[in-house]
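Welcome to a short tour, best taken with your viewer open and a residue selector at hand. We will move step by step, one selection at a time.

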Amino acid sequence: MPRPAMSSGPSACTRSGAEMEIVIELYGALCRLTGAQRCALELPASATVADALEALAARFPEIAPRLENTACAVADALVARSAQLDHGTTLALIPPVSGG
């Protein structure tokens with residue numbers, strides 16, 4: 001199944017009045033539920049991964065219950081929710097998978 005592309009217009013999860021922008025990459029069920037593979041998210045300059053997840057859950061309430069068990073990665077390394085983000089960071093959200 002093809003993955004939704006990042007739109008070239010204003011993102012569905014962009015917030016106004018912020019000091020930095022990060023990119024969120026969504027995988028698995030998160031991608032399917034939001035209809036987006038990537039989106040920009042504007043946050044205060046001191047934002048953490050937890051802040052980004054909270055802002056994303058506010059924009060897409062349907063994924064909020066899944067974010068608690070979602071792994072977060074920056075630059076191919078898993079990061080804690082307390083990790084501070086920088087302008088231009090790409091934050092990948094990797095939901096748990098199952099199967100056999």
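Which residue in β5 does Glu-25 stand opposite? Select Glu-25 and look across to β5: its counterpart there is Ala-92. Bear in mind as you look that this model is predicted.

Next, show the two strands that hold this pair. β1 (20–26) and β5 (residues 90–94) run parallel, joined by four bridges.

Keep β5 in view and add β3, residues 71–74. β3 and β5 pair in the antiparallel sense, again over four bridges. Pick Ala-73 here, and you will find that its bridge partner in β5 is Ala-92.

Now zoom out to the whole sheet. Five strands make up an open sheet with mixed pairing, and you can walk across in the order β2-β1-β5-β3-β4. The edges belong to β2 (38–43) and β4 (77–78); each has a single partner strand, so one side of each has no neighbour in the sheet.

For the next stop, select residues 49–59, helix α2. This helix packs on the sheet and touches β1, β2, β3 and β5. Compare its direction with that of β2 and you should find an angle of about 110°.

Finally, colour by pLDDT. The protein chain averages 86, and 80% of the residues score at least 70. Residues 1–11 stay under 50, and the model has 15 contacts for them beyond four places in sequence.

Note on methods. Residues are numbered from 1 along each chain as its sequence is written. This is a predicted model: local features need pLDDT of at least 70, side-chain atom pairs count only at pLDDT 80 or more; totals for chains, interfaces and linings use all residues. Side-chain values use heavy atoms; hydrogens and water are left out. Two strands pair if DSSP finds at least two bridges between them. Helices (H or I, at least four residues) and strands (E, at least two) are DSSP runs, numbered from the N terminus. Contact means heavy atoms within 4.5 Å. Axes are lines fitted to C-alpha atoms, for helices over the stretch in contact, and angles run from 0 to 180 degrees between N-to-C directions. pLDDT is the predictor's confidence in each residue, from 0 to 100.
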